[in-house]
Amino acid sequence: MSGFVAAKYNLDAFNCPHCNAYSHASWVPLHINTTRGMSQTEYNLAICSKCKKNSVWVQTGLDNEQEITGMMVYPDQVSIPPASFDMPNNVLKDYQEAASVLSRSPRSSAALLRQALQKLMVHLGEDGKNIDRNIRSLSEKEKLPAMIIKVADTMRLTGNDSVHPGEMLDEDRDFIANQMFGLLNLIVYNAITQPQEIENMYLMTPEKKRKAAEEKDAKAKQV
């Protein structure tokens, strides 16, 4: 999960939308006669060095730093981190739908992921009404590490600069949409998967040793 790099226009290496492997991408201009009036649409192929399959990209304009931007038009669904096995079903449904529209509409994808995040908050015992408050509450309960708050803040989901659905700035949408897949998996791992793994490890310990550990813990709490 931590090593996943989302596909992006003109990026030298990313996780391939076909084989999902992190690999070098060779960019090749695709000459298609699509001239309309005085303008011409520019297409490019990104060839995966691992599986040799192509993704097709169209130039969409310039960003705030005057760098050329582009959007993947094939395949339809870009590569994303696989959903955690422990992700609740209602959250997983939004996660998968967000993946299916990411290449066509990062804004719609981010809105679906925000909805998935709210459902995840409810699953973890929060009200799901305020992501900022819910994540901080889970951190205070030690269900999530404090660093999660900072990660969410970079996506403007928490903190004084947090935005509500429909208020996302155009320059934020690609970054937020891609990063939120990882955030959802990260929260699932810390709040659901890891506690289960620890519990399973504890239950594998012989009963005599478990009781001794519990008695020691109970005495420590009385001090």
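How many bridges join S2 to strand S3 (residues 43-48)? The answer, 6 bridges between antiparallel strands, is taken up in the second legend below. This is a predicted model, in which local features need pLDDT of at least 70 and side-chain atom pairs count only at pLDDT 80 or more, whereas totals for chains, interfaces and linings use all residues. Residues are numbered from 1 along each chain as its sequence is written, and side-chain values use heavy atoms, with hydrogens and water left out.

**View 1. The open sheet of 5 strands.** The strands follow the order S1-S2-S3-S4-S5 with antiparallel pairing, where strands (E, at least two residues) and helices (H or I, at least four) are DSSP runs numbered from the N terminus, and two strands pair if DSSP finds at least two bridges between them. Strand S1 (13-15) and strand S5 (68-74) stand at the edges with a single partner strand each, so one side of each has no neighbour in the sheet. On average, neighbouring strands are turned by 45 degrees against each other, direction ignored.

**View 2. Strand S2 and its two partners.** Strand S2 (residues 22-30) runs antiparallel to S1 and is joined to it by 3 bridges, and Tyr22 in S2 is the bridge partner of Asn15. S1 and S2 form a hairpin with 6 residues between them, and Asn20 in the turn has a positive phi of about 70 degrees. Towards S3, S2 is joined by 6 bridges, and there Ser26 has Ile47 of S3 as its bridge partner.

**View 3. The aromatic pair of Tyr9 and Trp27.** The structure holds 6 aromatic pairs, counted where ring centres of Phe, Tyr and Trp (its six-membered ring) lie within 6.5 Å, with planes under 30 degrees apart called stacked, over 60 edge-to-face and the rest tilted. In one of these pairs, the rings of Tyr9 and Trp27 have centres 5.4 Å apart and planes at 70 degrees, so the pair is edge-to-face. Because Tyr9 lies in the segment before S1 and Trp27 in strand S2, the pair ties together parts that are 18 residues apart in sequence.

**View 4. Helix H1 against helix H2.** Helix H1 (residues 89-101) packs on H2 at an angle of about 170 degrees, with the axes 8 Å apart; axes are lines fitted to C-alpha atoms, for helices over the stretch in contact, and angles run from 0 to 180 degrees between N-to-C directions. H1 and H2 are therefore roughly antiparallel, given that angles under 35 degrees count as roughly parallel, over 145 as roughly antiparallel, 65 to 115 as roughly perpendicular and the rest as oblique. The contact (heavy atoms within 4.5 Å) includes Tyr95 and Ala98 of H1 and Leu112 and Leu113 of H2.

**View 5. Helix H3 between two crossings.** The axes of helix H2 (residues 106-123) and H3 come within 10 Å and cross at roughly 40 degrees, and the two helices are therefore oblique to each other. Arg114, Leu117, Gln118 and Met121 of H2 meet Ile131, Asn134, Ile135 and Leu138 of H3 in this contact. Helix H3 (residues 131-140) also packs with helix H4 (residues 147-154), at an angle of about 165 degrees and with axes 9 Å apart, and H3 and H4 are therefore roughly antiparallel. Here Ile135, Arg136 and Ser139 of H3 make the contact with Ile148, Ile149 and Ala152 of H4.
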